[in-house]
Amino acid sequence: MGLEKYNKKRDFRKTPEPKGESKQKSGNTYVIQKHKASRLHYDLRLQIGDVLASWAVPKGPSYNPADKRLAVRVEDHPLDYAGFEGTIPEDEYGGGTVMIWDKGTWECRGNPEEGLENGKISFSIHGKKLKGDWALVKMKGKKGGKDNWLFFKEKDGEEDPEYDVTGEETGSAESGRTLEEIASEEGNS
Ligand code: MN
């Protein structure tokens with residue numbers, strides 16, 4: 001996908017978000033950013049090659065394997081984005097507050113590029129809040145031109161239908177701050 005779309009959507013004189021530059025850097029960064037834009041959602045990002053493949057998950061993750069959460073694939077983000085926590089000005093693209101809700105690494109079972117292509121990615125997450133096995137499966141058809149996937153917990157002994165991870169874990173994995181604290185602090189990033 002590349003970063004053209006990412007850069008096109010943003011005015012870097014106005015937003016504190018990192019500029020989209022490809023850095024040849026191997027790694028397996030995983031991050032979920034809680035994003036209070038016009039609607040609250042969670043952005044799941046997985047490093048594939050030198051970008052972060054990204055999905056917007058309106059309801060966020062669930063430890064209940066029966067909760068298959070809609071995950072809309074969005075433009076690839078630069079690797080530096082994984083470290084971004086702060087506030088995007090209201091009238092800019094994605095205006096609102098961004099929190100690093102969870103971070104760590106991920107491990108793909110199989111080839112991740114092929115997974116993207118074939119619409120099925122099975123992987124482990126080594127985060128602070130999310131652990132164990134998870135999956136992304138592409139839905140058939142393109143409703144309204146959207147690239148819709150489902151994001152869900154796979155049964156691995158760590159699943160827990162009773163555990164409300166987004167309800168109980170509301171602070172930043174990076175700074176411990178709440179969305180309100182991030183929003184009220186100036187010069188944050
Ligand atoms: Mn977002």
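In the hairpin of β2 and β3, Gly 49 takes a positive phi near 70°. Two residues lie between the strands of this hairpin. The model is a predicted one. Strand β3 covers residues 51–57. β2 and β3 pair in the antiparallel sense, over 7 bridges. One point on this pairing is Tyr 42, which stands opposite Val 57 in β3.

Now turn to the other partner of β2. Strand β1, residues 29–36, runs antiparallel to β2, and 7 bridges join them. A hairpin of 3 residues makes the connection from β1 to β2. Lys 36 stands opposite Leu 40 in β2. Gln 33 has Asp 43 of β2 as its bridge partner. So β2, residues 40–48, pairs with β1 and also with β3.

β1 has a further neighbour. It is joined to β6 by 8 bridges, again antiparallel. Strand β6 spans residues 96–109. Lys 36 appears here too, opposite Thr 97 in β6. Lys 36 therefore has Leu 40 in β2 and Thr 97 in β6 as the residues opposite, given that strands are paired through DSSP bridges.

How much of these strands is covered? In β2, 8 of the 9 residues are buried. In β1 the count is 6 of 8, so that strand is largely enclosed by the rest of the structure. In a regular strand the side chains alternate between the two faces of the sheet.

The metal site comes next. Which residues hold the manganese ion? His 35 donates through ND1, His 41 through NE2 and Asp 43 through OD, at 2.2 to 2.3 Å. Along the sequence these donors follow the spacing H-x5-H-x1-D. His 41 and Asp 43 are both buried. Asp 43 also belongs to the strand pairing described above, as the bridge partner of Gln 33.

Tyr 42 brings in the aromatic residues. The whole structure holds 10 aromatic pairs. In one of them, the rings of Tyr 42 and Trp 101 have their centres 5.6 Å apart. Their planes stand at 80°, so the pair is edge-to-face; the cut-off for that class is over 60 degrees. The pair links distant parts of the chain, since Tyr 42 sits in β2 and Trp 101 in β6, 59 residues apart. Are these two residues buried or exposed? Tyr 42 is at 5% relative accessibility and counts as buried. Trp 101 is at 0% and is buried as well. Both values fall below the 20% limit, which is why both residues are classed as buried.

Other rings gather elsewhere. One aromatic cluster is formed by Tyr 63, Trp 106, Phe 123, Trp 134, Phe 151 and Tyr 163. Charged side chains also meet ring faces. Lys 68 lies over the face of Phe 152, at 4.4 Å from the ring centre. Arg 73 lies over the face of Trp 55, at 5.8 Å from the ring centre.

Charged groups pair with each other too. The count comes to 14 salt bridges. Start with Glu 185 and Arg 177, whose closest N and O atoms are 2.7 Å apart. Glu 185 is partly exposed, at 37% relative accessibility. Arg 177 is buried, at 14%.

Another salt bridge joins Asp 67 to Arg 69, with the closest N and O atoms 3.4 Å apart. Asp 67 has a relative accessible area of 26% and is partly exposed. Arg 69 has 17% and is buried. The side chains of Lys 138 and Asp 147 meet in a salt bridge as well, at 3.4 Å from N to O. Lys 138 counts as partly exposed, at 33%. Asp 147 counts as buried, at 15%. In these bridges the buried member is Arg 177, Arg 69 or Asp 147.

Salt bridges can also join into a network. Arg 10, Glu 17 and Glu 75 are linked in this way.

Conventions
Residues are numbered from 1 along each chain as its sequence is written. Side-chain values use heavy atoms; hydrogens and water are left out. Donors are N, O and S atoms within 2.8 Å of the metal (3.2 Å for Na, K and Ca); water is not among the atoms, so sites may look incomplete. Buried means under 20% relative accessible area, exposed over 50%, partly exposed in between (1.4 Å probe, protein chains only). A salt bridge is a side-chain nitrogen of Lys or Arg within 4 Å of a carboxyl oxygen of Asp or Glu. Rings of Phe, Tyr and Trp (its six-membered ring) pair if their centres lie within 6.5 Å; planes under 30 degrees apart count as stacked, over 60 as edge-to-face and the rest as tilted. Helices (H or I, at least four residues) and strands (E, at least two) are DSSP runs, numbered from the N terminus. A charge sits over a ring if NZ of Lys or CZ of Arg is within 6 Å of the ring centre and within 35 degrees of the ring normal.
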